[in-house]
Amino acid sequence: MTDPHPQQPHDATPASATPLPPPRRGADWMFGGVYGTVLASGLLAALDQQGEEYTPLYDASWVLVTAAAAGLAHGYSHHMASHRDGSAAHRWRLLVRALWNEWPMIAATLPTVLLLVLAGVAHWEPYGVTAVGLGLNTALLFAWGSLVAVRVGYRLTTALLTGLADGTIGLAIIVANALIK
């Protein structure tokens, strides 16, 4: 998948006339959604350690903290890579916009966070929670790919194949989790 944030060319326009970049489109949401869902799956698999105390509420907090840190780092790095001339206030507005554009990545981790919170409250078994979480995230990857592909104009067959490709990432995490453990 290509990065939807190409570097912006240097703009000779005065800072007062330089507009903010446009808000994200559907394909950009998919980028953040897939990234966040894969991040949540990897963390869910890694945080479930056999033989150790099961701490789903602690794990939920780490999934959320890691997603927020990744979103901040990703938005900041894109901001720095696309430097524009202008006033400090304008650069701050651009930074805020770049950071705000990372919300799909953080939002994509929320199903996993919610599952872990419910597991902590209801005292669910760790194996079942991890299996359900990885399965749920694989289905979400399929949905992200399919729905956004339809939204940006792909035909249904191609959109479903895109969803299948995204879902394959989830399956790879499931297989890796089984092999590693």
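Mentor: A contact here means heavy atoms within 4.5 Å. Keep in mind that this is a predicted model.

Trainee: What share of the contacts with a separation of 6 or more comes from residues 24 or more positions apart?
Mentor: Take the contacts in the protein with a separation of 6 or more. Then pick out those between residues 24 or more positions apart. Their share is 78%.

Trainee: Which elements build the protein, and how many of each are there?
Mentor: From the N terminus on, the order reads α-α-α-α-α-α-α. Strands number 0. The count of helices is 7.

Trainee: What part of the accessible surface belongs to carbon and sulfur atoms?
Mentor: The accessible surface of the protein totals about 10,400 Å². Carbon and sulfur atoms hold 69%.

Trainee: How far apart should the ends of helix α5 be, and what does the model give?
Mentor: Helix α5 covers residues 110-122, which is 13 residues. At 1.5 Å a residue, the expected span is 18 Å. The end C-alpha atoms agree, at 18 Å.

Trainee: Where on α5 do its buried residues sit?
Mentor: The buried residues are Thr112, Val113, Leu115, Leu116, Ala119 and Gly120. Looking down the helix axis, they fall within an arc of 160°. They therefore line one face of the helix.

Trainee: Which exposed residues does α5 carry on the face turned away from its buried side?
Mentor: Exposed means over 50% relative accessible area. On that face of α5, the exposed residues are Leu114 and Val121.

Trainee: Which residue just after α5 takes a positive phi?
Mentor: Look just past the end of α5. The phi there is about 60°. The residue is His123.

Trainee: What kind of aromatic pair do Tyr58 and Trp62 form?
Mentor: The structure has 1 aromatic pair. The ring centres of Tyr58 and Trp62 are 6.5 Å apart, and their planes meet at 70°. Planes over 60 degrees apart count as edge-to-face. So the pair of Tyr58 and Trp62 is edge-to-face.

Trainee: What separates Tyr58 and Trp62 along helix α2?
Mentor: Helix α2 spans residues 56-81. Tyr58 and Trp62 are 4 residues apart in it. That makes about one helical turn.

Trainee: How do Tyr58 and Trp62 count by accessibility?
Mentor: Tyr58 has 48% relative accessibility. Trp62 has 39%. Between 20% and 50%, the class is partly exposed. Tyr58 is partly exposed, and Trp62 is also partly exposed.

Trainee: Is Asn177 buried or exposed?
Mentor: Asn177 lies in helix α7, residues 156-180. Its relative accessible area is 16%. The cut-off is under 20%, so Asn177 is buried.

Trainee: Which residues does Asn177 contact, leaving aside neighbours within four places in sequence?
Mentor: Set those neighbours aside. The contacts of Asn177 are then Ala45, Thr130 and Leu134.

Definitions and conventions:
Residues numbered from 1 in each chain as written. Predicted model: local features only at pLDDT ≥ 70, side-chain atom pairs only at ≥ 80, totals over all residues. Heavy atoms only, no water. Helix = DSSP H or I, 4+ residues; strand = E, 2+ residues; numbered from the N terminus. Expected span 1.5 Å × (residues − 1). Buried < 20%, exposed > 50% of the residue type's maximum accessible area, 1.4 Å probe, protein only. Arc of directions from axis to C-beta. Phe/Tyr/Trp six-rings, centres within 6.5 Å; stacked < 30°, edge-to-face > 60°. Areas by Shrake-Rupley, 256 points an atom, 1.4 Å probe, with all protein chains shown as cover.
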